Amino acid sequence: MDRRKAQMLEELQALQFAIVDLHLYLDTHPCDKRALEHYNALVCKMKEVKERYEQFYGPITPDQPSKFPWQWIEGPWPWEMIY
Amino acid sequence: MWIYEKKLQYPVRVYKPDVRMAKYLITQYGGPDGELSAALRYLNQRYTMPTAMAKGLLTDIGTEELAHLEIIATMVYKLLKNASLEEIKQAGLGGHYAQHDRALFYTDANGVPWTAAYIQATGDPVTDLHEDMAAEQKARSTYEWLINLSDDPGVIDALRFLREREVVHYQRFGEALRNVYEFKESKRFY
Ligand SMILES: [Fe+2]
C-alpha cells in the first residue's frame, strides 16, 4: 500500500477510534458537556478526513457516489492490506 | 441494521507466518471467551434491558466486538496465508486442514466448534450485566496469555489494543449496571 494512503488511513482510524471510545463514555455519562463538545469536534474533523480519503482511494462506507466502474469491489479488502 | 466500514478498527501488522500462533489465536474468533461470543451475547441481551443507557451500551459494545472479530480474523488469515502443509501438520492444525484447508472457522484453540451454550441471556438485567463484566475479564485474561505466546511485535501490538478495549468495556458495563440498580431503586419507591 502506498505511503500516503497508509498515512491517511491511519489518521482516519485514529480519529474514528477516538470517536468510538468517547461514544461508549457518553453512553454512560450523557450529561458530561465537555466530553460531548469534544465528541462533536472529533466527528467534524473525522468527516473531513474520511471524505478526503474516499476521494482518492474509494469508499469506506457503502453510501458514497462511485466512479466508473463500480468502485466498492476494488481491493485490497481490509484483511488483505499490508501496512 | 448495520453498515459495513471497509477498514479495520486498528491496523494489523503480521511480520511472519506462524501457524502455531494462528491455532492459539483462533480461540478469540470462535472460542468461549472470544469476540463472536461477545458480539452475539451483547447484541442479544440488549432487547430486554430496562434502561436507555444499557440498551445503547450493549448495542455499541456488541457492534465494536464485531470489529474485533474482524481484527482477529485478519491476524489468523495472515498468519496462515503462506504456510506450507508441512508447517500446518507440525503445528497440530492437520485436523483443521482436513476440514477447512486454510479457511477460518469458528472454533477454540483445540478445534472445538463455537456453540450458543457459551453465552447466556437470563432476562434479568443485573445478572446479564454481571455476565458481561465477567466475559470482559475472561477476554482480558485470554489476551494476556496470547500475548505471552507470541513473539511477533505486530501481533502483540494488536493484542494489546484488544486487551485494552476489554478493560474499557468492563468499566462501561459497571457504569450501566449501577444505572440499572438506580432504576430498580426508583421503581421501588413509586
Ligand atoms: Fe469487549
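Donors to a metal are here the N, O and S atoms within 2.8 Å of it, and since water is not among the atoms, a site may look incomplete. With that in mind, and remembering that this is a predicted model, the tour can start at the metal.

**The iron site**

Select the iron ion and display the side chains around it: the coordinating atoms come from B:Glu65 (OE), B:Glu136 (OE, listed twice), B:Glu166 (OE) and B:His169 (ND1), at 2.1 to 2.7 Å. Read along the sequence, these donor residues follow the spacing E-x70-E-x29-E-x2-H. Now colour two helices of chain B, H4 (residues 52-80) and H7 (residues 125-149): B:Glu65 lies in H4 and B:Glu136 in H7, so the pair ties together parts that are 71 residues apart in sequence. If you switch on a surface, keep in mind that B:Glu65 and B:Glu136 are both buried.

**The histidine donor**

Move next to B:His169, which has its place in helix H8 of chain B, residues 153-189. Is B:His169 buried or exposed? Its relative accessibility is 0%, and because buried means under 20%, B:His169 counts as buried. Select what surrounds this histidine, leaving aside neighbours within four places in sequence, and you will find contacts with B:Ile61, B:Glu64, B:Glu65, B:His68 and B:Glu136, together with a residue of the other chain, A:Leu24.

**Across to chain A**

A:Leu24 leads on to the interface, where 28 residues of chain A are in contact with 28 residues of chain B. The two chains bury about 2400 Å² between them, with 62% of that area on carbon and sulfur atoms. On the chain A side, select A:Leu24, A:Pro78 and A:Trp79, which lose the most area to chain B and together make up 25% of what that side buries.

For the polar part of the interface, the count between chain A and chain B is 2 salt bridges. One to display is that of B:Arg165 with A:Asp21, whose closest N and O atoms are 2.9 Å apart. Between these chains there are also 10 residue pairs in polar contact, counting pairs with both residues at pLDDT 80 or more.

**The cysteines of chain A**

As a last stop, select A:Cys31 and A:Cys44. A:Cys31 counts as exposed at 76% relative accessibility, and A:Cys44 is likewise exposed, with a relative accessible area of 52%. How many disulfides does a search of the whole structure find? Over all chains the search finds 0.

How values were computed:
Residues numbered from 1 in each chain as written. Chains lettered and ligands numbered in written order. Predicted model: local features only at pLDDT ≥ 70, side-chain atom pairs only at ≥ 80, totals over all residues. Heavy atoms only, no water. Donors = N, O, S within 2.8 Å, 3.2 Å for Na, K, Ca; no water. Helix = DSSP H or I, 4+ residues; strand = E, 2+ residues; numbered from the N terminus. Buried < 20%, exposed > 50% of the residue type's maximum accessible area, 1.4 Å probe, protein only. Contact = heavy atoms within 4.5 Å. Disulfide = S-S within 2.5 Å. Buried area = accessible area lost by both parts, 1.4 Å probe. Salt bridge = Lys/Arg side-chain N within 4 Å of Asp/Glu carboxyl O. Polar contact = N/O pair within 3.5 Å; in protein donor to acceptor, adjacent residues only side chain to side chain.
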